[in-house]
Amino acid sequence: MGYRILLVTSDTAFSAMAQSELRRQDTEIVIEQLDRLDSAVSRVQSGSLDIVLLDDALAQGNALSTLELLSRIAARVPLMLCAHMARTHGSSQPSVSNGLPFSPISSLREWLTASNYLSENLRAQAILDSIGDAIIGTDLHGQIDYLNRAAQRISGWTLEQARGHLLSEVMPTAVVKCSTPSRPAIQIDGLRQVFEDAQTPIHDNDGKLSGSVIVRHDVSKAQATADRMTHLAQHDFLTHLPNRMLLDDRIAQGIEQAKRHSRALALIFVDLDNFKTINDSLGHTVGDRLLKSVADRLQSCVRSSDTVSRTGGDEFIVLLTEVQGERNAAGTAKKILEAMALEHDIENLALTITCSLGISLYPRDGQSSDVLVCHADRAMYQAKQAGRNRYQFFRIDQEMQEVPAENSVDSR
């Protein structure tokens, strides 16, 4: 996209020379021409200009009115005041009042040098604006002196609005720490976007610190992919419950909390009774939906601070944190047996399935995740041996003791 320059002069020879030189340096520059200073003010106010080149011959006359018009232009876009030289093509002293806050260019050579610099500057600006990352420039006081187009889009500020404001006002989530990337998340058009910030100091030609440049890179897609991969690594793909890896981590955290508060925790190993028969006779689609229904039932039986995990096949493990002992764990086990015995409506089929539960307690039955899971598993097999649809606590001194009748729930 070309840069648009407004050339303000009433001298056709000067105009031809200026336009020829500008187009020779950059064919993408679009040049408009006006011959009156007041017309130029109106054109600038309508927008879509990048710079104004003004023939100083039009800036002569009433100093106060001229200053007002020039100031109104300069407030909107950069203004370059060029000495009138169409006839002489040599040096000439401009007649503009020295009180004007603009430095006129007094010779053709100087003007050509300046226009070449302008072309290079415009090309650099085009490159910065084409970059998808937000680029923010600040001075030594942290005040904004530059925003590329991406930065303007993200912040909602134009460069003119942001200039002179503190970085914290314009980019409130940006981190002002050199060489320390961060990932602030902000809402843009209602969507959550995650950015990675990096800041680098700027030094002048003498090596003195003059400001800084901050690059804000949109990592939303990469972050979303990373979050999804993390979720998949820690959760069951079918039920989206925590898997064994995440469960082990939560058990470890639960043990630390139990130690700190002198509490117990319980693991309930849940195995569905005769699930294979349903899966084989009705198909895996029905079987998968039944597993999802079971997962929902299990979650409805526990607190939000507890964890329901699917460890594989038709096996689930429930982690109960901060329990008083067997009584609390038994109460939850009964709720699970009762909830599971209710019919599951799967594809217009009324399915009934029961489960066998094995329970281990920390610290009585083990001091680690592996030991507690192993002991809950062994207790579950005791419940199955005793007739299924019941729960059994782990007993280290009785591997195959008969399970009391109150530990079971009649099938419905």
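Me: How far is the sulfur of cysteine 355 from the closest cysteine sulfur?

Reply: A disulfide requires two cysteine sulfur atoms within 2.5 Å. In this predicted model, the sulfur of cysteine 355 has its closest cysteine sulfur in cysteine 301, at 9.1 Å, which is too far for a bond. A search of the whole structure finds 0 disulfides.

Me: Are cysteine 301 and cysteine 355 buried or exposed?

Reply: A residue counts as buried when its relative accessible area is under 20%. Cysteine 301 is buried, with a value of 7%. Cysteine 355 is buried as well, with a relative accessible area of 0%.

Me: Which residues of helix H2 are buried, and where do they lie on the helix?

Reply: One looks down the helix axis and notes the directions in which the buried residues point. Helix H2 covers residues 37-45, and its buried residues are Leu37, Ala40, Val41, Arg43 and Val44. Seen down the axis of H2, these buried residues fall within an arc of 165°, so they line one face of the helix. Just after H2, glycine 47 takes a positive phi of about 90°.

Me: How should the crossing of helices H10 and H11 be read?

Reply: One considers how closely the axes approach and at what angle they cross. The axes of H10 (residues 275-282) and H11 (residues 284-300) come within 6 Å and cross at roughly 140°. That angle makes H10 oblique to H11. On the H10 side the contact is made by Phe275, Ile278, Asn279 and Leu282, and on the H11 side by His284, Val286, Gly287, Leu290 and Leu291.

Me: How many residues of this contact are nonpolar, polar or charged?

Reply: The residues of the contact of H10 with H11 comprise 6 nonpolar, 3 polar and no charged.

Definitions and conventions. Residues are numbered from 1 along each chain as its sequence is written. This is a predicted model: local features need pLDDT of at least 70, side-chain atom pairs count only at pLDDT 80 or more; totals for chains, interfaces and linings use all residues. Side-chain values use heavy atoms; hydrogens and water are left out. Buried means under 20% relative accessible area, exposed over 50%, partly exposed in between (1.4 Å probe, protein chains only). Helices (H or I, at least four residues) and strands (E, at least two) are DSSP runs, numbered from the N terminus. Axes are lines fitted to C-alpha atoms, for helices over the stretch in contact, and angles run from 0 to 180 degrees between N-to-C directions. Angles under 35 degrees count as roughly parallel, over 145 as roughly antiparallel, 65 to 115 as roughly perpendicular and the rest as oblique. Contact means heavy atoms within 4.5 Å. Ala, Val, Leu, Ile, Met, Phe, Trp, Tyr, Cys and Pro count as nonpolar, Asp, Glu, Lys and Arg as charged, and the others, Gly among them, as polar.
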